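Let's take a friendly walk through this structure together. Have the sequence and the model open as you read.

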Amino acid sequence: MHAEMIKITEQFVKSILVDDRTGHDYFHIHRVRNMALRIGKIEKANLLIVEMAALLHDTIDDKIMDDPKAAIKHVTSFMHSNGVRSVDSEHIMDIITSLSFKGGNGVPMKSLEGQVVQDADRLDALGAIGIARAFTYGGLKGHILYDPDIPIRESMTYEQYRFEQGTTINHFYEKLLRLSDKMNTEEGKKIAHQRHGFIEKYLKQFFEEWNGQL
Ligand code: ADP
Ligand code: NI
């Protein structure tokens, strides 16, 4: 029963994100789901909620969907027609709307399941994959790699984060290196620590090459 529900949800999500080039393609979802299940098992979370929320977490996002309100309705009715209990679909919707709310850079997650999915989503912005995603996103938006004359922004409004031109290397300092302090779960913190260290190593070599020292 649950396996069938998950399979149908995978198809639903694939059909929505098939053309995404902003770093939220289906393989992002796939990685977040697997990571969320890995952390969720250790944290003893409700794995059905974790898996469904991870699969659906980008289907209502305002940067992917033209009309997030319509997307919320669409996803809610999808869950109902797919046999998800109301209490569960409300919980899942609560998680994915909180995740998508980027204004305050993420409202605190109320439930353990939400914390687990948020950690998994943040982890995909770290490590080797996080670096690859950042340069993909920067290239798509026409940002340059790096310019020492463009300062790192200490804090940003939502509009600045989305629309102001920065450099991709600055994004590492403006967002990625701040993520590991925001992790919710112990397991998430451990994995973030390792991936954070990898980004630091990468940046060290980047600047040594930039300065002609290597
Ligand atoms: P989320 O993964 O929480 O939905 P975003 O949509 O902001 O967050 O980011 C998606 C991916 O694109 C992440 O890997 C993130 O690091 C990257 N990204 C977002 N904004 C920028 C930017 N200005 N420069 C480089 N990469 C970015
Ligand atoms: Ni995501």
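## The first helix

In helix α1, the buried residues are Met5, Ile6, Thr9, Glu10, Phe12, Val13 and Leu17. They pack against α2, α3 and α4. Please keep in mind throughout that this is a predicted model.

The length of α1 can be checked with simple arithmetic. The helix runs over residues 2–17, and at 1.5 Å a residue its 16 residues should span 22 Å; the end C-alpha atoms are indeed 22 Å apart, so the two values agree.

## Arginine 33 and its surroundings

One residue that touches α1's buried set is arginine 33, whose contacts include Ile6 and Glu10. Arginine 33 is found in helix α2. Is this arginine buried or exposed? Its relative accessibility is 6%, and the cut-off for buried is under 20%, so arginine 33 counts as buried.

The other residues that arginine 33 touches, leaving aside those up to four places away in sequence, are Tyr26, Glu51, Ala54 and Leu55. With glutamate 51 there is a polar contact between the two side chains, at 2.8 Å. Leucine 55 is 22 residues from arginine 33 in sequence, and their C-alpha atoms are 6.1 Å apart in space.

## Two lysines on the outside

Helix α2 also holds lysine 41. This lysine has a relative accessible area of 56%, and is therefore exposed. Its C-alpha atom is separated by 9.8 Å from that of valine 116, a residue 75 places away along the chain.

Lysine 44 sits in the loop between α2 and α3. With a relative accessible area of 73%, lysine 44 is exposed. Its backbone is worth a look too: most residues other than glycine have a negative phi. Lysine 44, although not a glycine, has a positive phi of about 55°.

## The nickel site

Which atoms coordinate the nickel ion (ligand 2)? The donors are His28 (NE2), His57 (NE2), Asp58 (OD) and Asp121 (OD), at 2.1 to 2.7 Å. Along the chain, these donors follow the spacing H-x28-H-D-x62-D. The angles subtended by the four donor atoms run from 77 to 169°, which makes the arrangement around the nickel ion irregular.

Histidine 57 belongs to the loop between α3 (47–56) and α4 (68–81). Its relative accessibility is 1%, so histidine 57 counts as buried, and aspartate 58 is buried as well. The side chain of histidine 57 reaches the backbone oxygen of alanine 54 at 2.8 Å and makes a polar contact with the side chain of aspartate 58 at 3.1 Å. Leaving out residues up to four places away in sequence, histidine 57 touches His28, Ile29, Val32, Ile96, Leu99, Ser100, Val117 and Asp121.

## Around ligand 1

Which residues come nearest to ligand 1? Of the 14 residues around it, they are His24, Lys63, Arg133, Tyr161 and His171. A polar side-chain atom of arginine 133 lies 3.2 Å from an oxygen atom of ligand 1.

Aspartate 121, one of the nickel donors, turns up here too: an N or O atom in its side chain is 3.5 Å from an oxygen atom of ligand 1. At alanine 134 the backbone takes part, with an N or O atom 3.5 Å from a nitrogen atom of ligand 1.

## Helix α10 and what covers it

Helix α10 covers residues 186–210. At 1.5 Å a residue, its 25 residues should span 36 Å, and the end C-alpha atoms are 36 Å apart, so expectation and model agree. Following α10 is glycine 212, with a positive phi near 70°.

The buried residues of α10 are Glu187, Gly188, Ile191, Ala192, His196, Ile199, Leu203 and Phe206. Among the elements covering them are α2 (26–42), α6 (112–123), α7 (127–140) and α9 (168–179).

Helix α9 contains isoleucine 169. With a relative accessible area of 0%, isoleucine 169 is buried. Not counting residues up to four places away in sequence, isoleucine 169 touches Phe135, Leu145, Tyr146, Leu203, Phe206 and Phe207. The C-alpha atom of isoleucine 169 is 14 Å from that of alanine 125, which lies 44 residues away along the chain.

Methods: Residues numbered from 1 in each chain as written. Chains lettered and ligands numbered in written order. Predicted model: local features only at pLDDT ≥ 70, side-chain atom pairs only at ≥ 80, totals over all residues. Heavy atoms only, no water. Helix = DSSP H or I, 4+ residues; strand = E, 2+ residues; numbered from the N terminus. Expected span 1.5 Å × (residues − 1). Buried < 20%, exposed > 50% of the residue type's maximum accessible area, 1.4 Å probe, protein only. Contact = heavy atoms within 4.5 Å. Donors = N, O, S within 2.8 Å, 3.2 Å for Na, K, Ca; no water. Tetrahedral: all angles 85-135°; square planar, octahedral: opposite > 155°, others 65-115°. Near = heavy atom within 4 Å. Polar contact = N/O pair within 3.5 Å; in protein donor to acceptor, adjacent residues only side chain to side chain.
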